[in-house]
Amino acid sequence: DSRDFGYITTPRDQVIGGPCWAFATCDATEAYSIKNGKENIYHAPQLLTNCHDGFLWTKTQGGNSNIAAALLSRLDGQALEDNIPFAANESDCPEYNRDDFAAYFLSSCSLPSGDITAIKQCIYEYGAVTAAMYYESKYYDKSTNTYLYTGDESANHGISLVGWDDEEQVFIAKFNWSGTSRFDNGFLKISYNDTKVMSECFSFQNRVETTEIDTAYYYDKTGMTGWIDYSDDIIVKKVSALSYFTTKGREKVKYVGSYVLRPSTLKFYVMIGDDVYTKEVTCPYAGFVSVKIDEEPEVDGQFIIAVDYPDYLPLETEVPEYNEPNLTTFELQPQIVQLNDDPNYEFKVGTNSPSSKFRDMNLCLKAYTQKVSVPTESAGSEREYENPVINGKINAEVWNTASEITIHSTDGTPVENLTSDKVVNIEGLYIFVVRYSDGVTKRSLELLY
C-alpha cells in the first residue's frame with residue numbers, strides 16, 4: 001500500500017466527467033517523484049487535457065493513457081498544479097514554459113492485460129499505475145468499500161492503483177472524484193475478479209529534470225497509433241527506421257526514444273557526420289522507451305536517429321475522430337525504413353512515398369537535446385557577464401550597464417543596432433556584441449525564438 005510510505009497525494013475532485021485519465025496520470029507521476037525523493041506536490045492535469053494538439057477529443061470527451069504517453073514523450077508535461085491550476089471548464093491551452101514543469105517523464109509501459117503480477121510489480125517499483133474501470137454505483141459494496149464489475153461494458157473511468165491486498169483479493173484504488181468525501185477518504189478496493197480493472201494499466205517513469213533537456217525532435221506528434229507487424233513474415237528478421245533532424249544551434253543529444261510493440265530489445269543509433277553512437281535497451285513491456293546516450297555527442301545542424309526493431313515497425317497514422325497527425329512529404333521530413341539491412345528493401349516514408357505501404361504515416365523516433373553554452377569573451381574586466389538573451393528573449397537587465405548592443409549573423413555580418421526601446425522580431429542563431437562605457441566589449445552566441 002503506497003499510502004503507508006507517503007507516496008500518494010490526497011485524492012482530488014475532477015468535478016466533471018472526462019479528465020479522469022489526466023488525473024490518474026498525475027497520480028502515477030506524483031508517486032514516482034515522491035518515491036524517488038522529489039517534490040511531494042500535485043502535478044497538473046490541465047496541460048494534459050487542454051494542450052494536446054493533434055488529438056481531437058475535448059476535455060469532457062475524455063482520453064486515455066496512450067494520449068498521456070504521447071504528450072509526455074513530446075515534453076508536454078508534467079507541470080506543477082500550483083503553476084497551471086486545473087479548471088473544469090473547456091478552455092484554451094494556457095501559456096506555459098519549462099519553469100512551470102516538475103520534470104519530464106520520458107518512458108511509459110503499457111502492461112499486459114490481466115497480468116496481475118506485472119501490475120503489482122510496477123506499483124511496488126513506481127508507487128502507482130493508471131488503470132481503467134467501468135463504474136456504476138450499484139456494483140459498489142459500501143459495507144466492505146469494495147467494487148466488482150463482471151460485465152463487458154467499455155471502461156468509463158480512469159483511476160490509479162496504489163496497492164493491493166492478496167488476503168482480500170483486491171487492488172487499492174485512488175478515485176479522484178469528490179476528493180476525500182467519497183468511499184474511504186477517496187480510496188476504494190477493487191476486486192481481482194473485476195473484468196475491467198486490469199485491462200488498460202500503464203506505468204510512467206524515467207523522470208528527467210527540465211534543466212537536462214531543451215528541445216524534443218520528432219515527427220510523430222500523436223505517438224504510436226498504428227504499426228506493421230512482421231512476426232509472421234519468415235523473411236523479415238530486422239526492421240530499421242531512420243529519421244533526419246536539424247538542430248537550432250549547437251546542442252548535445254542527451255536521450256533518444258521510440259515505441260515498443262511487445263517485449264523486445266531495441267538498438268538506437270545517433271549519427272552525426274561520420275560518427276555513430278549506439279545504445280541498446282531491453283524492454284519488458286510494450287510502451288514508449290527512452291535511453292540516455294552516454295557520450296552526449298554535440299551537433300550543430302543535421303543529425304540522424306535510427307532504431308533497429310526485431311520484427312515490427314511502430315507508426316503514427318491517422319485514426320478518424322481521434323488524432324490529426326502532421327503528415328507531410330518525404331522531402332520535408334526525411335524518414336526511411338529498411339528491412340534486413342538490405343538496400344534493395346529500403347523505403348521512403350511520407351505522403352509522396354513511392355511505396356503505398358509507407359504513405360500517410362510518420363516514424364516514431366524522438367531525440368532530446370540540450371543547448372550547449374558558448375563561452376563569452378571578455379577583456380579588461382572581471383565584471384560578471386549578463387547574458388543578452390534569456391529563454392530566447394532580450395534580457396532587460398543588460399541595459400542597466402551596457403552602452404550599446406549590436407546583433408550580427410554567425411558570419412559576422414551586422415544585422416541591426418539595438419536600443420533599450422527596440423523591439424527585436426527575428427529568429428535564429430546570432431552573435432550579440434555588448435559594449436560598455438568603460439571600453440569593455442563582450443560577445444555571446446545566442447538563439448532567438
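How much space lies in the largest cavity? About 30 Å³, and the views below show what surrounds that space in this predicted model, along with a look at Lys-238.

**View 1. The largest cavity and its lining.** Rolling a probe the size of a water molecule over the atoms shows where empty space is left. Here, the count comes to 1 cavity of 30 Å³ or more. Around the largest cavity you'll find Ala-69, Leu-72, Ser-73, Phe-105, Leu-106, Ser-107, Ser-108, Phe-204 and Phe-288. Sorted by class, that lining has 6 nonpolar and 3 polar residues, with no charged ones.

**View 2. Where the lining of the largest cavity comes from.** Two elements, α3 (65-73) and β1 (104-110), each supply at least two residues of this lining. The top contributor is β1, which gives 4 residues.

**View 3. Lys-238 in its loop.** Now for another spot: Lys-238 sits in the loop between β10 (226-229) and β11 (239-260). Is this residue buried, partly exposed or exposed? Lys-238 counts as partly exposed because its relative accessibility is 24%, which falls between the 20% and 50% cut-offs.

**View 4. The company Lys-238 keeps.** Setting aside neighbours within four places in sequence, Lys-238 is in contact with Asp-308, Tyr-309 and Pro-310, and also with Gln-338, Leu-339, Asn-340 and Asp-341.

**View 5. From Lys-238 across to Glu-416.** These two residues are 178 residues apart along the chain. In space, 53 Å separates the C-alpha atom of Lys-238 from that of Glu-416.

Key: Residues numbered from 1 in each chain as written. Predicted model: local features only at pLDDT ≥ 70, side-chain atom pairs only at ≥ 80, totals over all residues. Heavy atoms only, no water. Buried < 20%, exposed > 50% of the residue type's maximum accessible area, 1.4 Å probe, protein only. Contact = heavy atoms within 4.5 Å. 1 Å grid on protein atoms, 1.4 Å probe; cavity = no way out; pocket = protein on both sides within 12 Å on 5 of 7 lines; lining within 4 Å. Points joined across faces, edges and corners; volume = space filled by probe spheres on them. Nonpolar A, V, L, I, M, F, W, Y, C, P; charged D, E, K, R; others polar.
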